[in-house]
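Take a walk through this two-chain model. Start with the chains one by one, then turn to where they meet, and finish inside.

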Amino acid sequence: MSETKAAIRSIVSFLPEGRLTNEQLAQEYRDWDAEKILQKTGIRVRAIAGPAETSVDLGVKAGEKLLSSGACSPEDVDFLLFCTQSPDYFLPTSACIVQDRLGLRTDCGAFDFNLGCSGFVYGLYAAKGFIESGLAQNVLLITAETYSKFIHPRDKSARTIFGDGAAATLVSAVDAGAELIGPFVLGTDGRGARNLIVPAGGMRTRPTDQTKAEQTDALGSVRSEENLYMNGPEIFNFTIQAVPRAVQQLLDRAHLSLDGVDHFVFHQANKYMLDYLRKKIGIPQEKFCINLELCGNTVSATIPMALEGMRASGAVRPDNRLMLVGFGVGYSWGACLVKIPEE
Amino acid sequence: MTDRQKAFRSAFAKEMEVHEDELEPDFVLESSPLWDSMGVMTTIALIDKHYGITVPGEGLTACKTYAELTKLIEEGI
């Protein structure tokens, strides 16, 4: 029996023009080698937003590309979800600015949500809920991030990993016999909040001369409390525990084994971490997506960017079952299954 | 040295691009250019793979010598 189901209808990404290459990093950090950086991280070049270019700008560009592709007209969008951790302002809501700049209807609902690497999966969860409960027909989910603005120029580890970028994903109501987005597994563990954080600048710790003071860590990276701090080892510890567990929980919920999934699209953190997770879980290499060589880790935009590339190359067929897994800052994680019908 | 300890030492030497014989207890981790943030992450993966345990990230980053690293692992078992 056919019912109204939510489905991903279109995905379009946008990268800013600025670039940070491994050669540039190797020139700045004399003990590093460009080829070694590629081997370990899987990243050759990162896209970096310009000084006056924000997540809202990147998100609007991705949204404009999607709307001009004919996937949907601005009048048809009845909900906008905007995911970022680098908003233009504390207030107003970035989604309100994006609604205006994209020319969406004024009776369109819109809000921001503040998540990082799990943001795309959470966005799909909300969009599915809105559509399948009859509250909306077309949800525009924009995930946009500019972590580069938080990173100290001499923070070697964070600068090597992160790039800026945005993706716009249209989730629409379709008639289908089976679920096209879901089931889901979500998770949260705020005990990890201090391990990926910008400590100062919000209301808890206001910016002062003291929070601007630079410090060098044990591995030679420099930052102040107003910069992004990433405790890489603890993030890795969290990931190698939480992700295999979430994958198994999702398979159990869907009554599937690994063989029942055609493609695994994980948050593109870095290649070493992804390779380790793949081997630990037992996923065949040919089913596992790696897509960060030319953009870096774009936080909440990595999964839709990977999906866009896979669709463009013909790697994904409409009957393929994909597992999406986002994990990171919070800690927050989410996993879901999707099938993506033809546009 | 147990088989597990030998296997870990061999894998760690390979990742740090040093000869296994160099991994004496007083081996200074920083003497390998690969003992950086990625190197620490690699070591966590090796500990997970060979011992099935997680070690605190800050404790690992604070290790100066191979003896301190192996002590941290033994404490975690």
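The radius of gyration here is taken over C-alpha atoms, and the rule for a globule is 2.2 Å times the number of residues to the power 0.38. Chain A has 343 residues, so a compact globule would come near 20 Å; chain A has 19 Å, which agrees. Keep in mind that this is a predicted model.

Stay with chain A. Its C-alpha atoms fill a box of roughly 60 × 45 × 35 Å along the principal axes. The secondary structure comes to 9 helices and 15 strands. Of the 343 residues, 57% count as buried. Now look at the contacts in chain A with a separation of 6 or more. Residues 24 or more positions apart account for 78% of them.

Chain B comes next. It has 4 helices and 0 strands. From the N terminus on, its elements run α-α-α-α. The C-alpha trace spans about 25 × 25 × 20 Å along the principal axes. The globule rule applies here too. With 77 residues, a compact globule would have a radius of gyration near 11 Å, and chain B has 11 Å, which agrees. Of the 77 residues of chain B, 49% count as buried. Among contacts in chain B with a separation of 6 or more, 54% come from residues 24 or more positions apart.

Now bring the chains together. How many residues does each chain give to the contact? Chain B gives 21 residues, and chain A gives 21 residues. Between them the chains bury about 1,800 Å², with 60% of it on carbon and sulfur atoms. On the side of chain B, B:M38, B:M41 and B:D48 lose the most area to chain A. Together these three make up 28% of what that side buries.

Polar links also cross the interface. The rule finds 4 salt bridges between chain B and chain A. One pair to find is A:K36 and B:E17, whose side chains meet in a salt bridge at 3.3 Å, N to O. There are also 10 residue pairs in polar contact across the interface, both residues at pLDDT 80 or more.

Which elements of chain B give two or more residues to the side that touches chain A? They are α2 (37-51) and α3 (57-62) of chain B. Of the elements of chain B, α2(B) gives the most to this side, with 9 residues. By type, the residues of the side of chain B that touches chain A divide into 9 nonpolar, 5 polar and 7 charged.

Cross over to helix α2 of chain A, residues 34-41. Its buried residues are A:A34, A:I37, A:L38, A:K40 and A:T41. An α-helix has 3.6 residues a turn, so residues three or four places apart point the same way. What covers the buried residues of α2(A)? From chain A, the cover includes α1 (22-28), β3 (45-48), α6 (156-161) and α8 (271-281). From chain B, α1 (3-16) and α2 are part of it as well. Both chains therefore feature in the cover of this helix.

The ends of α2(A) deserve a look. At the start, a side-chain oxygen of A:D33 reaches to within 3.1 Å of the backbone nitrogen of A:E35. After the helix comes A:G42, whose phi is positive, near 80°.

Move on to a loop of chain A. A:T211 is found between β9 (196-197) and β10 (215-216). Is A:T211 buried or exposed? The cut-off for buried is under 20% relative accessible area. A:T211 has 3%, so it counts as buried. Its side chain joins that of A:E226 in a polar contact of 2.6 Å. Not counting residues up to four places away in sequence, A:T211 touches A:A200, A:T205, A:R206, A:S224, A:E225 and A:E226.

End at A:Y147, in the loop between β6 (138-145) and α6 of chain A. A:Y147 is buried, because its relative accessible area is 3%. A polar contact of 2.6 Å joins the side chains of A:Y147 and A:Q85. Leaving aside neighbours within four places in sequence, A:Y147 is in contact with residues including A:G116, A:F162, A:D164, A:L228, A:V299 and A:V329. For a sense of scale, take A:L250. A:Y147 and A:L250 are 103 residues apart in sequence and 30 Å apart in space, C-alpha to C-alpha.

Notes
Residues numbered from 1 in each chain as written. Chains lettered and ligands numbered in written order. Predicted model: local features only at pLDDT ≥ 70, side-chain atom pairs only at ≥ 80, totals over all residues. Heavy atoms only, no water. Contact = heavy atoms within 4.5 Å. Buried area = accessible area lost by both parts, 1.4 Å probe. Polar contact = N/O pair within 3.5 Å; in protein donor to acceptor, adjacent residues only side chain to side chain. Nonpolar A, V, L, I, M, F, W, Y, C, P; charged D, E, K, R; others polar. Buried < 20%, exposed > 50% of the residue type's maximum accessible area, 1.4 Å probe, protein only.
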